[in-house]
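Let's take a walk through this structure, one part at a time. Keep the 3D view open and follow along.

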Amino acid sequence: MNKYILALDQGTTSSRAVLFDRSGAKVFAAQYEFPQIFPKAGWVEHDPKDILDSQLHALRDCIEFLKTGGEDISEIAAIGVTNQRETTMIWDKSTGEPVYNAIVWQCRRTADTCDRFEEQGLDKFFRSKTGLLIDPYFSATKIKWIFDNVDGVRERAQRGELLFGTVDTWLIWNLTGGRVHATDYTNASRTMLFNIHTLEWDREILGLLGIPECILPEVRNSSGDFGVTSADVIGAEIPICGCAGDQQAALFGQCCYLKGDVKNTYGTGGFLLMNTGDECVESKNGLLTTIAWGIGGKVTYALEGSVFVSGAVVKWLRDELCIINSAEETAALAESVPDNGGVYFVPAFVGLGTPYWDSDARGVICGLTRGAGRAHIVRAALEAIAYQTADVIKAMEEDTSALGLIKVDGGASQNDFLMQFQSDILGRSIIRPRNVESTATGAAFLAGLHCGFWENREELNRVSQKFREFIPAMQESERSRLTDGWKQAVGRSLMK
Ligand SMILES: Nc1ncnc2c1ncn2[C@@H]1O[C@H](COP(=O)(O)OP(=O)(O)O)[C@@H](O)[C@H]1O
Ligand SMILES: O=P(O)(O)OC[C@H](O)CO
C-alpha cells in the first residue's frame with residue numbers, strides 16, 4: 001500500500017512540494033523561490049520556465065528524501081497540484097515554448113482595457129456570467145493583451161497552434177509530457193472566461209475578447225483524473241488526482257465542507273472564502289462569486305473577499321518604519337500596553353479592497369497623542385489586520401446570513417495576540433489548525449480522495465483534528481466602541 005500523497009504548491013514567490021502521510025502529517029517539504037520580473041511600474045511577470053524548474057526541483061527533493069530513507073517514488077500514491085491563480089500563460093503546442101512571459105495576477109497592465117469595458121457598461125454582463133468584477137487581476141484581459149501585443153500570436157492561436165493555461169495547466173501539461181491540457185473548475189472560475197452557471201467556457205465572452213476556444217484547457221473535477229506523470233520527466237508514472245487554485249485548496253484543506261464555513265489566510269494579503277454550498281450567491285457587498293471545488297461533476301460555490309495588506313503591514317513596520325526587528329516580536333509588544341491608546345492604523349497602501357473598493361484610499365495612522373508610542377502603533381497595525389478581516393466577514397454574513405465555523409491559516413495566523421483580538425472583535429470563536437499549511441494540505445486531500453488514499457470527508461476531518469480555538473472574551477460595549485473608532489479611521493483614508 002502506498003504511503004504518501006505529494007502536493008505541489010506553486011505560489012507567487014516560491015514553489016513548494018510537500019509529502020503527506022496517511023495521518024495527514026507533513027513528512028517532508030522542499031521550497032524554492034524564483035525571480036519576480038517587473039518590466040514597468042505596475043507590471044509583474046514570471047518566466048514560465050522558472051516556475052516549472054523551481055517546482056520540479058522541489059519535487060525531486062521529495063524523491064531524494066524517499067530514496068535516502070530507503071523508499072522510492074512508487075510510495076507516492078498520487079500528486080495534487082495547487083497554484084497561484086489567474087496568472088496567464090500561452091505556449092506552443094508542439095514545442096512547449098511560451099510565446100511570452102507569464103503575466104502575473106498582480107499585474108495591472110490591462111487597467112485601460114478594463115476601464116473601457118466598464119465604460120461600455122459590461123459590468124453586469126461579466127458579473128452575471130463569471131461572478132467576477134471587471135479587473136486586470138483575472139486572466140481574460142491578460143490573454144487579450146498577449147494577442148494584441150505579441151506578433152503573430154493571435155493568428156497562431158486561431159490556427160490552433162497555441163495553448164493557454166493558468167499555472168496548474170502549465171504544470172500538468174509539462175508533468176504529463178504534453179499529454180494533458182486541462183484545468184479544474186476553481187482555476188477556470190478565475191479566468192473571467194468561464195460561465196460559473198453553465199460550467200462551460202462562455203462563447204459570448206470569448207467572442208468579445210477575440211479568444212478562440214481551441215486554446216482553452218478542458219475543465220475537470222478538482223478531485224479527479226489529470227493523467228499520469230511522464231517517466232521521462234520525473235522518473236515514474238504517478239497519477240495526478242487533484243488540482244485547485246491555492247485559496248480554494250486552503251478552503252478544502254481546512255475542511256470547510258459545510259455551507260457557511262469560512263477560511264481566512266493571513267499572508268501578505270488576506271484571502272477569505274466562504275463555502276456557500278450549491279448556492280451561487282451574487283454579492284451586494286463587493287464580494288466575488290467563485291467555485292470552491294468541483295467533485296463528481298457537481299460544483300460547490302464560494303464567496304471571496306480580499307484584504308490587500310494583511311501580514312504585509314507587519315513587514316512594513318519592520319522594513320520601512322524600522323520599529324520592530326521581527327514579525328514574531330509584535331504579539332508581545334502589542335500586549336505590553338493595555339489597549340490601543342486611541343491609535344488606529346489603516347494600512348491602505350494600495351487602496352482598500354472588500355467591502356470599500358477604493359483604489360485611491362491611502363494609509364493613515366490616527367489618534368496619536370503625546371502618550372502614544374511604538375507599542376501602540378504595532379498594536380494598531382495588528383488590530384487593523386483583524387478589523388479588515390471583520391469587515392469582509394460582515395459583508396459575507398450580510399450576503400448569506402449563514403456564517404459557520406471560521407478557520408485561519410497563513411503566516412500571521414501564528415500571532416496569538418492577533419488571533420485573540422480577531423475572535424474578540426468578531427465576537428466569534430476562531431479555529432487555527434496545528435498545521436497552518438492548508439493550501440498544500442488541500443491539494444493532497446483532493447488527490448487523496450480521488451485515488452482512495454483517504455476514504456471520505458469524515459476521514460479528512462479526523463485527519464486534521466488537531467487545532468487551537470480562540471474564544472471571544474470582549475464585552476459587546478467595548479467591541480462596538482473599538483469598531484466605531486476603526487470606521488472613523490477608515491473614513492479618513494477613503495478618497496471616494
Ligand atoms: N508572528 C507574526 N505576527 C504577525 N505577522 C506575521 C507573523 N509571522 C509572519 N507574519 C506576516 O505574515 C506574512 C507572511 O505570511 P505567508 O503566509 O508566508 O505569506 P505569503 O504566502 O503571502 O508570502 C508576512 O507579511 C509577515 O509579515
Ligand atoms: O501565491 P499566493 O499565495 O500569494 O496566492 C495568490 C492568489 O492565488 C492570487 O489570486
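Start with the big division: the protein chain splits into domain 1, residues 4–246, and domain 2, residues 256–496. Going by C-alpha atoms, the centres of domain 1 and domain 2 sit 26 Å apart. Where the two meet, domain 1 puts in 36 residues and domain 2 puts in 27. On the domain 1 side, β1, β2, β5, α7 (185–188) and β13 each bring at least two residues to the contact. The top contributor there is β5, with 6 residues. If you sort the residues on that side of domain 1 by class, you get 16 nonpolar, 13 polar and 7 charged.

Before going further, a word on what you're looking at: this is a predicted model. For the protein chain, the mean pLDDT is 94, and 100% of the residues reach 70 or more. For the complex, the predictor reports an ipTM of 0.96 and a pTM of 0.92.

Now, to the sheet. Look for 5 strands, lined up as β3-β2-β1-β5-β13 in an open sheet with mixed pairing. The edges belong to β3 (26–33) and β13 (240–245); each has a single partner strand, so one side of each has no neighbour in the sheet. From one strand to the next, the twist averages 15°. In general, the strands of a sheet pair through backbone hydrogen bonds, in either a parallel or an antiparallel way. Take β1 (residues 4–10) and β5 (residues 76–83) as a case to look at: they pair in the parallel sense, over 7 bridges. You can pick out one of the matches by eye, since L8 has V81 in β5 as its bridge partner.

Which helices go with this sheet? One is α15 (residues 438–451), which packs on the sheet and touches β1, β2 (14–21), β5 and β13. The direction of α15 makes about 135° with that of β5. Another is α10 (residues 246–253), lying across β1, β5 and β13 and running at about 110° to β13.

Last stop: the ligand. How many residues surround ligand 1? There are 14, and the closest are G267, T268, G311, G411 and N415. Helix α11 (residues 312–319) supplies the largest share of this shell, 3 residues. By class, the shell around ligand 1 is made up of 8 polar, 4 nonpolar and 2 charged residues.

Note on methods
Residues are numbered from 1 along each chain as its sequence is written. Chains are lettered from A and ligands numbered from 1 in the order in which they are written. This is a predicted model: local features need pLDDT of at least 70, side-chain atom pairs count only at pLDDT 80 or more; totals for chains, interfaces and linings use all residues. A residue is near a molecule or strand if its C-beta atom, placed from the backbone, lies within 6 Å of it. Helices (H or I, at least four residues) and strands (E, at least two) are DSSP runs, numbered from the N terminus. Ala, Val, Leu, Ile, Met, Phe, Trp, Tyr, Cys and Pro count as nonpolar, Asp, Glu, Lys and Arg as charged, and the others, Gly among them, as polar. pLDDT is the predictor's confidence in each residue, from 0 to 100. Two strands pair if DSSP finds at least two bridges between them. Axes are lines fitted to C-alpha atoms, for helices over the stretch in contact, and angles run from 0 to 180 degrees between N-to-C directions. Two residues are in contact if their C-beta atoms, placed from the backbone, lie within 7 Å. Domain bounds come from an automatic or database domain assignment.
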